[in-house]
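Okay, thanks for making time, everybody. I'll put the structure up and then walk you through a few spots in it.

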Amino acid sequence: MRIEATGEFSPAWRDDAFWAGTRAPLRSSTGLNPAAYTDPNFFDDEQMQVFERAWVCVGIAADASPGRMLVRSVGRRSILITRNANGELRGFLNSCRHRGTELYDSDCDVASTLRCPYHRWGYTLDGALKSAPHADDIPRDAFDRADFSLASVRVEAWGVLLFACLDESTPPLREWLGDLQTRMAGYELDDWQPRHSQELDIDANWKLVSENFQEYYHLTWVHPELAKVSRVDDHYRYQGAGMYCGQTTTPVSGDERDDWLSLPPADGLDESDAVSGRFVAIFPNVLLSVLPNHVFVMQLDPVSPGVTKETCTWLLPKSGADASDEAFEPTRTFWLDVNNEDIDIVQRGQRGLTRGAVPAGPLIPRFEEPLHRFQGILADMMTKATMSDVVIPGGDDSSEAARLGAGTNPSPAAVDSR
Ligand code: FES
Ligand SMILES: [Fe+2]
């Protein structure tokens, strides 16, 4: 299934020396080499090593509704996602088993058959070839339809998100997500409904967008308004075993700008979830902000080394899904304001990395530890030949629990005793 690299090209990042600053312990670590953000060859390798082996977010789970067929890109591949007659998710490479034609170029409704536009071969929603015009009228040897099902791709939903994975050897999604499933269980995210979405083109590498989301070092200067409700001192690490980097803000309430809390909270949250924000970057490409009353998702699709498509989706809990547009608007506007500030700074980051390309400096431990973890995962995926050699990070160092919080969903009371 994987597209293998061709040629003899042997770039620096196949060498451990390229990752020395990333592999160093946190307190002596540095950021990534600028080439990781700007080099077209790095980008191509990353598509193959990371995006064609990871569980990649390909949308919102609710998009994959019965009767709907989705067309999504994963690495250099195009895939189709549908639900079969039993409502189960199915994924396929978007290529006909006759002569390879692209089957669909955009999302659409399908009743029961996927059809190739070229010679009208038809496939069931499970990918089985069920019709091939004239193939029965004109006998030929060795044509068993069972041999020509669509090539399947793993697709799974978790919470509000839809994931796909091209590599059969990658661990199951539940292992990829690790304890995040436990941490998020109280929100019952399966029931949350998408309210609004929009796409943005950002002139920056996808990793810059993710890394910016992961650290709150920049909060005071880039988001002076957000800093009033998401105070630096209220941020804690939020990372157990799993392919994710995260922080939590607790309490998330504010006294000066509280418009992201204007909607009512979801029913049934425990005392920690009810007052916290969970900010999680699931490796590689989805950024999840879970608040008591809404979820804001940013899905990152790399377009080129310096361009990323960001799809933003706001979701509301089942108990608050009928909020009026007027009630929802402050939440939408809040995120657009914050996101615009982030986009300005990451685009500036991309320009500096492209035109300056100076060696990376030190990561600041308290604030940038998630980047160290993220870049460590990246280093593994870029250098390991097989997914069994890629390490799923463990939980945070418990020796810092008293100061930073390391339990699953630390309670506000525990946090206050820091
Ligand atoms: S290529 Fe699809 S039916 Fe011929
Ligand atoms: Fe930010």
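So, how many bridges join strand β14 to β15, and in which direction do they run? There are 5 bridges between β14 (residues 277–282) and β15, and the two run antiparallel.

Quick housekeeping before I go on. This is a predicted model, so local features need pLDDT of at least 70 and side-chain atom pairs count only at pLDDT 80 or more, while totals for chains, interfaces and linings use all residues. Residues are numbered from 1 along each chain as its sequence is written, chains are lettered from A and ligands numbered from 1 in the order in which they are written, and side-chain values use heavy atoms, with hydrogens and water left out.

Back to the strands. By strand I mean a DSSP run of E, at least two residues, and by helix a run of H or I, at least four, numbered from the N terminus; strands pair if DSSP finds at least two bridges between them. β14 and β15 make a hairpin with 3 residues between them, and Arg-278 has Val-290 in β15 as its bridge partner. On to β16 (residues 295–304): 5 bridges join β15 to that strand, again antiparallel. That's a hairpin too, with 4 residues between the strands, and Val-286 is partnered with Gln-299 in β16.

Now burial, which here means under 20% relative accessible area with a 1.4 Å probe, protein chains only. 5 of the 5 residues of β15 (residues 286–290) are buried, so the strand is largely enclosed by the rest of the structure. Both faces are covered: Val-286, Leu-288 and Val-290 on one side, Leu-287 and Ser-289 on the other.

Helix α6 is mostly covered as well, with 9 of its 9 residues buried, including Trp-206, Glu-211 and Phe-213.

Last stop, the iron ion, ligand 2. Donors are N, O and S atoms within 2.8 Å of the metal (3.2 Å for Na, K and Ca), and water isn't among the atoms, so sites may look incomplete. From the protein we get NE2 of His-218, NE2 of His-223 and two OD donors from Asp-342, at 2.0 to 2.8 Å. The spacing in sequence is H-x4-H-x118-D. His-218 sits in the loop between α6 (206–214) and α7 (219–222) and Asp-342 in helix α9 (residues 325–355), so the pair ties together parts 124 residues apart in sequence. His-218 is buried at 11% relative accessible area, and Asp-342 counts as buried at 14%.

Definitions and conventions
Buried means under 20% relative accessible area, exposed over 50%, partly exposed in between (1.4 Å probe, protein chains only).
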